[in-house]
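This report covers one loop residue and a set of charged side-chain pairs. The sequence and the structure come before the text.

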Amino acid sequence: MDHSSPFDPVGHESLAVAVVDQIESMIVDGILKEGRKLPSERDLAEALGVSRPKLREALQILEERGLVHVRHGEGTYIAALSGRAMSPALLALYTRHGRAFYDYLEYRREQEAFASRLAAERATQSDKERLSDILQTLQKAWEEEDAETSQEADLALHVAVVDASQNTTLIHMMASIYDLTRQGLFYNRKYLRTMDGTGEKLLDQHRQIVEAILSGNPDRAERAARAHLDFVEQCFRLGQEQAERETRAAKRRKLSQ
């Protein structure tokens with residue numbers, strides 16, 4: 001058996017029901033998130049210690065409940081459960097009206113400060129190791145000026161902090177919010193990195209959040225998370241103001257020619 005599998009062998013009473021219960025619990029706990037592909041039928045049956053017919057029976061129950069989606073020829077995936085935070089039309093509207101970006105940051109600041117506090121109180125050893133690993137990736141990406149890896153690790157760190165909060169509502173709600181970030185509709189880290197010294201400051205802020213969680217200091221973790229999002233907002237406001245000044249200056253120059 002693969003001991004790295006997150007699935008536990010089930011008992012022999014009501015096997016299909018036991019499989020359903022375990023997978024449902026992993027969805028509720030945010031271990032299996034929407035869009036996640038389940039292992040192959042053979043591997044999953046082996047990990048759970050059940051026959052493939054019993055596994056198929058369990059997957060059928062889960063599909064009927066709308067929790068998984070079977071894509072023939074591809075595999076079984078956790079269904080989209082939390083829905084979109086915003087409709088495509090509203091997303092398009094937000095991107096045309098930049099002020100909405102600051103509402104997005106305000107929401108994230110409050111939720112991530114709360115998540116960081118909880119993470120400092122509740123993070124397991126596995127959570128702490130995950131946070132430390134991501135922080136190392138961020139450090140290496142910054143040293144090598146690898147913007148793509150840095151951006152991916154940045155988001156991964158925020159997700160890991162929320163996961164470490166052990167609050168399942170936060171985990172599922174923020175997954176939807178981070179999807180907006182992943183699409184680059186709001187938080188464009190590449191833009192931040194164009195500002196002198198910003199990349200190093202972001203790295204230091206992330207380090208302070210992680211260190212506060214690792215040391216089990218809720219107050220410090222919450223302050224660090226708030227300071228980080230405050231800094232992001234300040235940078236974007238300064239950048240926006242500078243862009244507006246440059247636009248006005250260019251227009252004045254054209255009129256003076």
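## A loop residue and its surroundings

Ala 79 counts as buried because its relative accessibility is 13%, and the cut-off for buried is under 20%. The model is a predicted one. Ala 79 belongs to the loop that runs between strand E2 (75–78) and helix H4 (88–96). Leaving aside neighbours within four places in sequence, the contacts of Ala 79 are Glu 34, Gly 35, Gly 66, Leu 67, Val 68 and His 69. Lys 37 is 42 residues from Ala 79 in sequence, and the C-alpha to C-alpha separation of Ala 79 and Lys 37 is 9.6 Å.

## Salt bridges

Side chains of opposite charge can pair when their charged atoms come close. The structure contains 19 salt bridges. Three of them are listed here, each with the distance between N and O atoms.

| Pair | N to O distance |
|---|---|
| Glu 41 and Arg 52 | 3.0 Å |
| Arg 117 and Asp 219 | 2.2 Å |
| Glu 233 and Arg 237 | 3.0 Å |

Glu 41 and Arg 52 form a salt bridge whose closest N and O atoms are 3.0 Å apart. This pair links distant parts of the chain, with Glu 41 in helix H2 (residues 41–48) and Arg 52 in helix H3 (residues 52–64), 11 residues apart. Glu 41 has 25% relative accessibility and counts as partly exposed. Arg 52 is partly exposed as well, with a relative accessible area of 40%.

In the salt bridge of Arg 117 with Asp 219, the closest N and O atoms are 2.2 Å apart. Arg 117 is part of helix H5 (residues 100–122) and Asp 219 is part of helix H11 (residues 218–256), so the pair ties together parts that are 102 residues apart in sequence. Arg 117 is partly exposed at 23% relative accessibility. For Asp 219 the relative accessible area is 41%, which also counts as partly exposed.

Where do Glu 233 and Arg 237 lie? Both are in helix H11, four residues apart, about one turn of the helix. Is Glu 233 buried or exposed? Glu 233 is buried, its relative accessible area being 15%. Arg 237, at 36% relative accessibility, counts as partly exposed.

Salt bridges that share partners join Glu 110, Arg 117, Glu 121, Asp 219, Glu 222 and Arg 226 into one network.

Note on methods. Residues are numbered from 1 along each chain as its sequence is written. This is a predicted model: local features need pLDDT of at least 70, side-chain atom pairs count only at pLDDT 80 or more; totals for chains, interfaces and linings use all residues. Side-chain values use heavy atoms; hydrogens and water are left out. Helices (H or I, at least four residues) and strands (E, at least two) are DSSP runs, numbered from the N terminus. Buried means under 20% relative accessible area, exposed over 50%, partly exposed in between (1.4 Å probe, protein chains only). Contact means heavy atoms within 4.5 Å. A salt bridge is a side-chain nitrogen of Lys or Arg within 4 Å of a carboxyl oxygen of Asp or Glu.
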